[in-house]
Amino acid sequence: MAWFKRKEKGIQTSTEQKKDTPRGLWYKSPTGKIVDAKELEQNYFVSPEDGYHVRIGSNEYFSILFDDNKYKELDTKLESKDPLKFEDTKKYPDRLKAAQEKTKLKDAVRTAVGKSKGKDLVVACMDFAFIGGSMGSVVGEKIARAADYSLKKKIPFMIISKSGGARMMEAALSLMQLAKTSVKLAQLADAGIPYISLCTDPTTGGTTASFAMLGDINIAEPGALIGFAGPRVVRDTTGQELPEGFQTSEFLLEHGFLDFITHRKDLKKKVNLYIDLITNQPLRE
């Protein structure tokens, strides 16, 4: 049985010669299900084993919502500045630069207009990969400008929220975006232009306190974390034991905070169905 024994001690294969399994071939869901990455992509980044909705970004949502993945991106050159000269363990400009290099994004939201089931739709989609999807001045400004575009062109507007809340590095300037975006959405409502809010995992902090809960219709993905403060903070503040899953989309639907929950594969169909109904237009197939 000598072929099962090493003749010499130590690892014989050099690091350069080792063959690693390429990254990205498999995805493991939080419940432990293993899914082929290609199969996951073909299933709208939802685990077919347990229905877990994997966290995705604006690129993926745009490809789901816009016909043939064709759209025009709005306000592509807006970037955050550092008026407060903020510094913690890193200077704020350094954090921005690192996030931009890592994600290839300018900031935590992208806005675009394109055809969805043959009709124009404006979409603002947040990217959690960019500093936790935090809402700073650029996020508020881009959403406000996208709302203005919708108002001018009379096109339905949709925001996809995925955020850890206000961006602490911009302090009060970040909090001002809550008011600015809320005013713009009120203008859309006055003009009778539909606004759809989609809450995804996670939707927390200032986003929840502003545009995420101001939709003509508020929808969410299954299992999404939605709330203002985290469960531990709420428990410590109130001194109460909280119901299990009290900040999930299912709990919020049961208690009237959401209108419905939609599987990602049905998102495009349901959003456009709602738009047709509210605008009294023939239903699109």
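These legends accompany several views of one predicted protein model.

**View 1. The whole protein.**
The predicted model has eight helices and nine strands. Its C-alpha atoms fill a box of roughly 85 × 50 × 45 Å along the principal axes. The protein has 285 residues, and 41% of them are buried. About 16100 Å² of the protein is exposed, with 53% of that area supplied by carbon and sulfur atoms. Among contacts with a separation of 6 or more, 66% join residues 24 or more positions apart.

**View 2. The open sheet of seven strands.**
The strand order is β3-β4-β5-β6-β7-β8-β9. The pairing is mixed. β3 (71–74) and β9 stand at the edges. Each has a single partner strand, so one side of each is left without a neighbour in the sheet.

**View 3. Strand β6 beside strand β7.**
Strand β6 covers residues 157–163. It runs parallel to β7, and six bridges join the two. One residue pair to look for is Met 158 with its bridge partner in β7, Ile 196.

**View 4. Helices against the sheet.**
Helix α4 (residues 137–153) lies across β3, β4 (109–116), β5 (119–126) and β6. It runs at about 25° to β4. Helix α8 (residues 267–278) also packs on the sheet. It touches β4, β5, β6, β7, β8 and β9. The direction of α8 makes about 150° with that of β7.

**View 5. Strand β8 between β7 and β9.**
Strand β7 (residues 195–203) pairs with β8 in the parallel sense, over four bridges. β8 pairs with strand β9 (residues 260–261) in the parallel sense too, over two bridges. Ala 220 of β8 is a good place to look. It is the bridge partner of Cys 199. Ala 220 also stands opposite Ile 261 in β9.

**View 6. The two faces of strand β8.**
In a regular strand the side chains alternate between the two faces of the sheet. Strand β8 (residues 217–220) shows two sets of side chains. Ile 217 and Ile 219 point one way. Asn 218 and Ala 220 point the other way. Are these four residues buried or exposed? All are buried.

**View 7. Thr 203 and its contacts.**
Thr 203 is found in strand β7. Its relative accessibility is 0%, so it counts as buried. Which residues does Thr 203 touch, leaving aside its neighbours within four places in sequence? Ser 161, Lys 162 and Ser 163 are among them. Thr 203 is also in contact with Thr 208 and Ala 212. Leu 225, Ile 226 and Gly 227 complete the list.

**View 8. Cys 125 and Cys 199.**
The structure holds zero disulfides. Cys 125 is in no disulfide, and its nearest cysteine sulfur is that of Cys 199, 12 Å away. Why is there no bond from Cys 199 to Cys 125? The closest cysteine sulfur to that of Cys 199 is in Cys 125, and at 12 Å it is too far for a bond. Cys 125 has 0% relative accessibility, so it counts as buried. Cys 199 is likewise buried, at 0% relative accessibility.

How values were computed: Residues are numbered from 1 along each chain as its sequence is written. This is a predicted model: local features need pLDDT of at least 70, side-chain atom pairs count only at pLDDT 80 or more; totals for chains, interfaces and linings use all residues. Side-chain values use heavy atoms; hydrogens and water are left out. Buried means under 20% relative accessible area, exposed over 50%, partly exposed in between (1.4 Å probe, protein chains only). Two strands pair if DSSP finds at least two bridges between them. Contact means heavy atoms within 4.5 Å. Axes are lines fitted to C-alpha atoms, for helices over the stretch in contact, and angles run from 0 to 180 degrees between N-to-C directions. A disulfide is a pair of cysteine sulfur atoms within 2.5 Å. Accessible areas come from the Shrake-Rupley method with a 1.4 Å probe; for residues, only the protein chains shown count as cover.
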